[in-house]
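User: I would like to go through some of the labels used for this model and the reasons behind them. Please begin with how the elements are named.

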Amino acid sequence: MNDVIPDLRRPVVGVSLKLYFGLAETRKWLADVAALAGTAALGARAVDLFVLPSFPVLADARELLAGTGVAFGAQDVHWAESGPWTGEVSAGMLTEAGATYVEVGHAERRAHFGETDDVVRAKTRAATAAGLVPVVCAGERDGADLAAAVEETVGQVRAALAGAVSGSEVVIAYEPVWAIGAADPAPAAHVLAVAAAIRACLDDHDVRGRLIYGGTAGPGTYEQLSAGPVDGLFLGRLAHDTEGLRRVLDEIAPV
Ligand SMILES: O=C[C@H](O)COP(=O)(O)O
């Protein structure tokens with residue numbers, strides 16, 4: 001660990017696999033990440049790494065990542081602890097399964113499954129109450145107007161943080177919707193402007209908050225964002241090849 005960087009802002013890299021891989025492919029990818037953690041000397045670097053595979057692979061993640069320093073979590077969680085909620089998974093179950101992180105409010109869930117700010121707030125509450133670190137996704141749908149982007153994104157962040165248990169650890173993933181699944185990440189100047197507003201919002205709340213950028217993030221993205229309000233990256237497609245993940249770790253936290 002780097003003594004100069006306070007734990008509160010320790011760099012962090014996350015990967016969500018979304019629904020890109022099947023079971024066998026995910027297991028192979030997790031084994032590759034475990035190997036990467038060893039060969040890339042993850043333990044000697046000033047960075048946290050977490051991965052978010054699909055629910056059925058969480059037990060494999062626990063086994064394959066044990067002792068590697070790589071944390072894992074889920075891509076969604078329900079707000080209730082138990083009861084008649086067919087198909088849902090509680091924060092308590094994720095904790096029992098060994099998860100550390102859980103994603104809430106991804107743009108794809110907001111767009112395709114009708115997740116509102118109220119739902120994201122309730123899930124953030126459930127996650128933090130269970131001791132999980134929520135990875136709260138927020139971002140504007142249209143980036144043409146910077147002031148509007150800040151307002152929309154900070155509104156989502158504020159709504160989620162209203163659910164966070166006092167003093168809890170939270171990761172905000174700023175993901176402009178128009179940069180997700182795109183050819184290029186959002187321009188650094190845009191990211192830094194919105195991120196500064198999110199950071200101010202985090203500083204207004206009683207949480208230990210880190211901020212990462214996602215949306216076609218990969219090698220080369222962080223070097224344009226470092227030394228500002230952004231503490232790391234949230235990777236999607238560009239981490240499917242673990243060599244891309246290694247290059248990101250090299251940029252964010254050289255050995
Ligand atoms: O969860 C990850 C983000 O939505 C970014 O995905 P992407 O890098 O494939 O655009």
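Analyst: Helices and strands are DSSP runs, numbered from the N terminus, with at least four residues for a helix and at least two for a strand. On that basis alanine 41 falls in the loop between helix H1 (23-39) and strand S2 (48-52). The model is a predicted one.

User: Why is alanine 41 called exposed?

Analyst: A residue counts as exposed if 12 or fewer other C-beta atoms lie within 10 Å of its own. Alanine 41 has 11 C-beta neighbours inside 10 Å, so it is exposed. Its phi is near 50°, a positive value in a residue other than glycine.

User: What makes threonine 216 partly exposed rather than buried?

Analyst: Buried requires 20 or more other C-beta atoms within 10 Å, and exposed requires 12 or fewer. Threonine 216 has 19, and therefore it is partly exposed. This residue sits in the loop between strand S7 (208-214) and strand S8 (232-235). Threonine 216 also has a positive phi, about 55°, although it is not a glycine.

User: How are two packed helices described?

Analyst: By the angle between their axes and the distance between the axes. For helix H5 (residues 117-129) and helix H6 (residues 146-161), the angle is about 40° and the axes are 7 Å apart.

User: Why is H5 called oblique to H6?

Analyst: Angles under 35 degrees count as roughly parallel, and 65 to 115 as roughly perpendicular. The angle of about 40° between H5 and H6 falls in neither range, so H5 is oblique to H6. The crossing of H5 past H6 is right-handed.

User: Which residues make that contact, and how do they divide by class?

Analyst: H5 contributes Asp117, Val120, Arg121 and Thr124, while H6 contributes Gln156, Ala159 and Ala160. By class, there are 3 nonpolar, 2 polar and 2 charged residues.

User: What is the arrangement of H6 and H7?

Analyst: The axes of H6 and helix H7 (residues 188-203) cross at roughly 35° and come within 9 Å. H6 passes H7 in a right-handed crossing. On the H6 side the contact includes Leu146, Val150 and Val157, and on the H7 side Ala193, Val194 and Ile198 are among the residues met. The contact of H6 with H7 has 10 nonpolar, 2 polar and 1 charged residues.

User: How many residues surround the ligand, and which are the closest?

Analyst: There are 13 residues around the ligand, the closest being Ser16, Ile180, Gly214, Gly236 and Arg237. The shell comprises 5 nonpolar, 6 polar and 2 charged residues; glycine is counted as polar in this division.

Conventions
Residues numbered from 1 in each chain as written. Predicted model: local features only at pLDDT ≥ 70, side-chain atom pairs only at ≥ 80, totals over all residues. Axes fitted to C-alpha atoms, helices over the stretch in contact; angles between N-to-C directions. Parallel < 35°, antiparallel > 145°, perpendicular 65-115°, else oblique. Left-handed = near helix turned anticlockwise from the far one by under 90°. Contact = placed C-beta atoms within 7 Å. Near = placed C-beta within 6 Å.
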